[in-house]
Amino acid sequence: MRYLPLLFLSLLLLSSCQKEEKSYALDLPPGFPEVDLPEDNLPTPLRVELGKRLFFDPILSRDSSISCGSCHFRRLGFADDKVISPGIEGRLGFRNAPILTNLIYRENFFFDGGVPNLELQVVAPVEDENEMDFHLGGVVERLARHPEYAALLEKAYPGKPLTFAFTRAIASYERTLLTGQSAFDRYYYQGDSNALDSQEKRGWQLFQDKGCRDCHSGPNFSNEEFINIGLYADYDYNGDSGRRRVTALDSDIGKFKVPSLRNIALTAPYMHDGSMQSLEEVVDFFASGGEAHFNKSPQMQAFALSAQEKADLIAFLESLTDWEFVQGTD
Ligand code: HEC
Ligand code: HEC
């Protein structure tokens, strides 16, 4: 309590510094919940614009060949269509590139939840030897020499170091990547009962009846939990033990964050390692109940699915594509 007046004062100072920059109104899709924004990184038009430029600029990689946009494509819901996306010099990491939409609703980042916020996440690809293979010192040096970035970042984040500014600008841009105008959204969140056809409606019912929604829930189709679905009987085969990489607990082997299903028809291949090529393969897998594993979720139970039901379920998943978003310009 003692620190409260101080906190108040610094918030006041912060907001007075930011007065010159008008705030950026996030365009939350209809029916989506309100969001909390980080106090030290409230979006402004300049912050978002700079973040976007940096996201698509290879300046952040050691040999200036790779940008964030080399692995995250808008037309693919900000995922990639490769099993593993090549980084600098064609090097390969070990996980499939996920979508970057509605990140504002995510509680932590990466399949194992190893990163607590978007600002910090930016550092990971920059420093990953298989992605951009660079370091913050190098980035800052380049930004400082650049004819525009240094001055614009100073304007966007007055008095802050460049490392602070460029990571926050990119995070600000990412928070604007909001998708929620699919046929399903028009049906479910906007009350247009004709937005889904009868097959898609049957698929939505099956999605609930077969337990998919127990894990893929909420506007982002994820309960944000870490779950072992029995993708493998032994997760050591490719050295990716999932959540255990963060907690070192054997009870976390094979647990991965429940992925969002937004624009899912465009984001093949699927799963953390890109091991499934099609939605049909994914649905067959869930119907099989998965492999036996001591950490497998009890919610993973085999179920019967007729050919018609399978087609219905896939039609529902396809109705989650927000064409306006994916066909938009960067
Ligand atoms: C070489 C390809 C590649 C590049 C370049 C790349 N990413 Fe990624 N990105 C990935 C992969 C693969 C993952 C999944 C990593 C994991 O879960 O361990 C990922 C995950 C993420 C996530 C976490 C999403 C979530 O829901 O957990 C964010 C955010 C992200 N990337 C943003 C960026 C930004 C910002 C940049 C540029 C600074 C960038 N990426 C550059 C491949 C790439
Ligand atoms: C017990 C929780 C749970 C249930 C039930 C569940 N899922 Fe999942 N789902 C997950 C997790 C966790 C992953 C990621 C696993 C991985 O990458 O190893 C996943 C992955 C997926 C993917 C791939 C996403 C991507 O971007 O790679 C799709 C599609 C999917 N689930 C659809 C479904 C459907 C359809 C159902 C119902 C038939 C279903 N899920 C039931 C937890 C669940």
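**Close-up 1. The shell around ligand 2.** Of the 21 residues around ligand 2, the ones that come nearest are Cys212, Cys215, His216, His272 and Phe286. This is a predicted model, so read every distance in these legends as computed from predicted positions. Several of those neighbours also make polar contacts with the ligand. A polar atom in the side chain of histidine 216 sits 2.9 Å from a nitrogen atom of ligand 2. Over at histidine 272, an N or O atom of the side chain is 2.7 Å from an oxygen atom of the ligand. Methionine 271 joins in through its backbone, with a polar atom there 2.7 Å from an oxygen atom of ligand 2. Two elements, H10 and helix H12 (279-288), each give two or more residues to this shell. H12 supplies the largest share, 3 residues.

**Close-up 2. The iron atom of ligand 2.** Which protein residue donates to the iron atom of ligand 2? Look for His216: its NE2 atom, at 2.1 Å, is the only protein donor. Histidine 216 lies in the loop that runs between helix H10 (212-215) and strand E1 (226-227). Is cysteine 215 buried or exposed? With a relative accessible area of 15%, cysteine 215 is buried, because anything under 20% counts that way.

**Close-up 3. The stretch annotated as a domain.** Zoom out a little to residues 198-321, where an unreviewed UniProt entry places the feature "domain: Cytochrome c". How much of this stretch is helix, and how much is strand? Over residues 198-321, the chain is 34% helix and 3% strand. The C-alpha atoms at the two ends of the stretch are 17 Å apart.

**Close-up 4. The shell around ligand 1.** Now for the other ligand: 26 residues surround ligand 1, and the closest are Cys68, Cys71, His72, Arg95 and Phe110. Two phenylalanines use their backbones here. A polar backbone atom of phenylalanine 110 is 2.6 Å from an oxygen atom of ligand 1, and a backbone N or O atom of phenylalanine 111 lies 2.8 Å from an oxygen atom of that ligand. Glutamine 121 uses its side chain instead, placing a polar atom 3.4 Å from a nitrogen atom of ligand 1. The elements that give two or more residues to the shell are H3 and helix H7 (162-175).

**Close-up 5. The iron atom of ligand 1.** How many donors does the protein offer to the iron atom of ligand 1? A single one: His72, through NE2, 2.2 Å away. To find histidine 72, look in the loop between helix H2 (45-55) and helix H3 (118-121). Histidine 72 also turns up in the record: an unreviewed UniProt entry has the annotation "binding site" covering Cys68, Cys71 and His72.

**Close-up 6. Cysteines 68 and 71.** Both cysteines belong to the loop between H2 and H3, with cysteine 68 there and cysteine 71 there too. What do they touch, once residues up to four places away in sequence are set aside? Cysteine 68 touches Phe55, Leu60 and Met132. Cysteine 71 touches Ala79, Asp80, Ser85, Pro86 and Ala97. Cysteine 68 counts as buried because its relative accessibility, 14%, is under 20%. Cysteine 71, at 15%, is buried as well. Don't go hunting for disulfides in this view, though: the structure holds 0 of them.

**Close-up 7. Threonine 101 in its surroundings.** Threonine 101 is another resident of the loop between H2 and H3. Its relative accessible area is 2%, so threonine 101 is buried. Which residues is it in contact with, leaving aside neighbours within four places in sequence? Threonine 101 is in contact with Gly77, Phe78, Leu177, Thr179, Asn220, Arg262 and Phe325.

**Close-up 8. Isoleucine 66 and its contacts.** The loop between H2 and H3 also holds isoleucine 66. At 11% relative accessibility, isoleucine 66 counts as buried. Leaving out neighbours within four places in sequence, its contacts are Pro58, Ser61, Pro86, Gly87, Ile88, Glu131 and Met132. For a sense of scale, compare isoleucine 66 with threonine 179: they are 113 residues apart along the chain, and their C-alpha atoms are separated by 25 Å.

Technical notes:
Residues numbered from 1 in each chain as written. Chains lettered and ligands numbered in written order. Predicted model: local features only at pLDDT ≥ 70, side-chain atom pairs only at ≥ 80, totals over all residues. Heavy atoms only, no water. Donors = N, O, S within 2.8 Å, 3.2 Å for Na, K, Ca; no water. Helix = DSSP H or I, 4+ residues; strand = E, 2+ residues; numbered from the N terminus. Disulfide = S-S within 2.5 Å. Buried < 20%, exposed > 50% of the residue type's maximum accessible area, 1.4 Å probe, protein only. UniProt positions renumbered as here; feature names shortened; annotations may be inferred. Contact = heavy atoms within 4.5 Å. Near = heavy atom within 4 Å. Polar contact = N/O pair within 3.5 Å; in protein donor to acceptor, adjacent residues only side chain to side chain.
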